[in-house]
Amino acid sequence: MTDITDRLRTEIDARRDDLVTLTADLIRFPTVNPPGDYYRDICEYVANRLRKRGFTCELLRAEGARGDSDKHPRWNVLARREGASPGETVHFNSHHDVVEVGRGWTVDPFGGEVKDDKVYGRGACDMKGGLAASIIAAETFADVVPDFRGNIEISATADEETGGYGGVAWMAEQGYFSPERVQHVIIPEPLNKNRICLGHRGVWWAEIETHGRIAHGSMPFLGDSAIRHMAALLGEIEETLYPALASRQTAMPVVPPLARQSTLNINSIHGGQPEPEAGYTGFPAPVVAHSARIVIDRRYLIEETPAAVRQEVVDLLEKLKATRPGFSYELRDLWTIPPTMTERDAPVVRAVDQAIGEVLGLTPDYVVSPGTYDQKHIDRIGRLHNCIAYGPGILDLAHQPDEYVGITDMLDSAKVMALALNNLLGRS
Ligand SMILES: [Zn+2]
């Protein structure tokens, strides 16, 4: 066994240049989302490479999924390599989309520039470096242990940055992540090479509207201001809801630690007449607001239920309705994702934990993400709970200008992935 793990490590070091070129090539596809450019090109590139190395590759369009259109089709690629004997399937899933460039860059965001042990570019860290590391890991493992059991899958999927509905969610709906087909999933998101991410907090987005009655602004007593009703709601949120949320601590190891409590963000607020169009030079009209709306983003803990999270807000609204003359509201649910956390003794967790010990000589930190990522679909639609995020790259660099991924970090995490494959599919 040690002989094989040594060979895997040496062989990955020998493929350093290949790893760097692969990462730079992936960065050079400007797969910016929205709108979702160059999806088919990057999928073809991945398929062409893996076909030459014994993988069967399928290009899959998420036709009809949220975000899919003829102008911007949502393409995904799935590569599969079968071992010498039947067994379990280990699947590496990376998203191939990246967020917009933004300002402040000193290098070409789609140049794939290499400097001082780093590859630069939009998506270097989130997460083309992770995709490249998983490809090198899988290829090396299949070369060094050609008689492995079971199957290895690699997917590069669309739209993670906008919810994953044209990517992993669609694939999960088609059965690609069902427990009969896939038993272990590793998502190489940039969470630092010494950390295993077990899952994420839950999300509830909702829009709340307060109603009023329009009247002339000089005689507001003849109307009823929706903005004043909204202000009363915001006051209640400030005085009672925020302290209640802050007092609720989770046993989930969320990073950063300030996210180990329930949180609420008010994403937007609109009330009264719409903003005038650009170039309008007149005054606003004097009217009492007949409508005001907020969108809330509530992140919740594994110890809470979605029903209780919602009810807590309904209770605030009902209290106002009972005590405040004229108060009426509508609550519209926009999006709900339950929290998820893989067990620490799940097989994929144990395999990666042991590999991190062997490669880095340390025990990994176990973390949970404050926000969601594609694990939500694998868990909820795919019904597969043996899933973690593990990959190279520094989380704080994601979506920043001058984003980069460390080459040594990619090599180390590729070694961890290859050793984890050996733990799960190697000769026993
Ligand atoms: Zn990502």
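The following legends describe three close-up views of a predicted model. Local features require pLDDT of at least 70 and side-chain atom pairs pLDDT 80 or more, whereas totals for chains, interfaces and linings use all residues. Residues are numbered from 1 along each chain as its sequence is written, and side-chain values use heavy atoms, without hydrogens or water.

**View 1. Donors of the zinc ion.** The zinc ion is bound by H95 (NE2), D126 (OD), E189 (OE) and E189 (OE), at 1.9 to 2.7 Å; donors are N, O and S atoms within 2.8 Å of the metal (3.2 Å for Na, K and Ca), and sites may look incomplete since water is not among the atoms. Angles among the four donor atoms run from 52 to 145 degrees, and the site is irregular; four donors would count as tetrahedral if all angles lay between 85 and 135 degrees, or as square planar if opposite donors were over 155 degrees apart and all others between 65 and 115. H95 belongs to strand β3 (residues 85-95) and D126 to helix α4 (residues 124-144), so the pair ties together parts 31 residues apart in sequence. Both H95 and D126 are buried (under 20% relative accessible area, 1.4 Å probe, protein chains only).

**View 2. Surroundings of N386.** N386 lies in the loop between α9 (375-380) and β15 (387-389) and is buried, with a relative accessible area of 11%. Its side chain forms a polar contact of 2.7 Å with that of H184 (N or O atoms within 3.5 Å, one able to donate a hydrogen and the other to accept it).

**View 3. Buried residues of helix α2.** Among the buried residues of α2 are L19, L22 and L26.

Note on methods
Four donors count as tetrahedral if all angles lie between 85 and 135 degrees; four count as square planar and six as octahedral if opposite donors are over 155 degrees apart and all others between 65 and 115; anything else is irregular. Helices (H or I, at least four residues) and strands (E, at least two) are DSSP runs, numbered from the N terminus. Buried means under 20% relative accessible area, exposed over 50%, partly exposed in between (1.4 Å probe, protein chains only).
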